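Visitor: Please take me through one part of this model slowly, starting at the surface and working inward, with the numbers that support each step. I would like a connected account rather than a list.

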Amino acid sequence: MGKALTNQAMALFKSQVFLFLSEIPRGECIAYGELAKKAGFPSHARQVGSLMKNLPKDTKLPWHRVVNAQQRISFAENTDAYLRQKTRLEQEGWVIVGTKLVLNENS
DNA sequence: CTTACGGCCCTGG
DNA sequence: ACCAGGGCCGTAA
């Protein structure tokens, strides 16, 4: 049972997640869990998801480059959120089948 | 205080 | 490749 994160730890977690996210280049992507690890909190994948969900709509952060550990978009296929993310990833060269990121044509 | 709920993840079938 | 089950942990109700 891990102890609860202090407010300060959470603040650090957030800033680290946003920092590493901002460094993901166009054409690449990263898993929620990977981002959590890099930020120093390996068991907080879901919290990364929450952070993404709560980003302001006009954010400049590349939230769409965050996918799940199976390289899939974590939204149901018939949703708006899914379409938004898929469209943005396709603009960066990804070929996507269903929710699966198959390959990137540019890389 | 306790439930419920996620933009999750991992391990088997 | 697909799915279920268990674990995870902050946040809102």
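**From a surface patch to the cores**

Guide: In this predicted model, V97, V102 and L103 together make a nonpolar surface patch of about 260 Å². V97 belongs to strand 3, which covers residues 94-97, and its relative accessibility of 54% is over the 50% limit, so V97 counts as exposed.

From strand 3 we can turn inward, to a core of 8 residues that is separate from the largest one and includes C29, I73, L89 and I96. I73 is a useful member to examine, since its position and its surroundings can both be described. I73 is found in the loop between strand 2 and helix 4, and with a relative accessibility of 3% it counts as buried, because the limit for that class is under 20%. If its neighbours within four places in sequence are set aside, I73 is in contact with Y82, Q85, K86, L89, I96, T99 and L101; of these, L89 and I96 are also named among the members of the second core. The C-alpha atoms of I73 and E90, which stand 17 residues apart along the chain, are separated by 12 Å.

The loop that holds I73 also holds Q71, and the backbone there deserves a separate remark. Q71 has a positive phi of about 60° although it is not a glycine, and with a relative accessible area of 31% Q71 is partly exposed.

E90 leads on to the charged pairs. Side chains of opposite charge can pair when their charged atoms come close. In the whole structure a search finds 3 salt bridges, and one of them joins the side chains of E90 and K86, with an N to O distance of 3.8 Å. Both E90 and K86 lie in helix 4, 4 residues apart, or about one turn of the helix, and E90 counts as partly exposed at 36% relative accessibility. K86 is also one of the residues in contact with I73.

Another salt bridge is found within helix 2, where K37 and E34 lie 3 residues apart, again about one turn of the helix. Here the closest N and O atoms are 3.4 Å apart; K37 is partly exposed, with a relative accessible area of 49%, and E34 is partly exposed as well, at 38%.

There is also a salt bridge between R65 and E92, with the closest N and O atoms 2.8 Å apart. This pair links distant parts of the chain, 27 residues apart: R65 lies in the loop between helix 3 and strand 2 (66-67), and E92 in the loop between helix 4 (80-91) and strand 3. R65 and E92 are both buried.

R65 is also among the residues that I30 touches, and the others, once residues up to four places away in sequence are left out, are I24, L35, K38, V66 and V67. I30 is found in strand 1, residues 30-31, and is buried, with a relative accessible area of 10%. I30 and N68, 38 residues apart in sequence, are 7.9 Å apart in space from C-alpha to C-alpha.

L35 and V66, both touched by I30, bring us to the largest nonpolar core, which has 19 residues and in which F13, V17, L21, L35, V48, M52 and V66 have the most contacts. Helix 1 (7-22), helix 2 (32-39) and helix 3 (45-54) are the elements that give two or more residues to this core, and helix 1 gives the most, with 5 residues. For V17, leaving aside neighbours within four places in sequence, the contacts are L35, A39, V48, L51 and M52.

F13, named with V17 among the residues with the most contacts in this core, leads to the last feature. A pair of aromatic rings is described by the distance of the centres and the angle of the planes. The count of such pairs comes to 1: the ring centres of F13 and F41 are 5.2 Å apart and their planes stand at 75°, so the pair is edge-to-face. The two residues are 28 apart in the chain, with F13 in helix 1 and F41 in the loop between helix 2 and helix 3, and the pair thus links distant parts of the chain. Both F13 and F41 are buried.

Terms used:
Residues numbered from 1 in each chain as written. Chains lettered and ligands numbered in written order. Predicted model: local features only at pLDDT ≥ 70, side-chain atom pairs only at ≥ 80, totals over all residues. Heavy atoms only, no water. Core = buried A, V, L, I, M, F, W, Y, C linked by side-chain atoms within 4.5 Å. Buried < 20%, exposed > 50% of the residue type's maximum accessible area, 1.4 Å probe, protein only. Contact = heavy atoms within 4.5 Å. Patch = residues over 30% accessible without salt bridge, like charges linked within 9 Å, V, L, I, M, F, W, Y side chains within 5 Å. Areas by Shrake-Rupley, 256 points an atom, 1.4 Å probe, with all protein chains shown as cover. Salt bridge = Lys/Arg side-chain N within 4 Å of Asp/Glu carboxyl O. Phe/Tyr/Trp six-rings, centres within 6.5 Å; stacked < 30°, edge-to-face > 60°.
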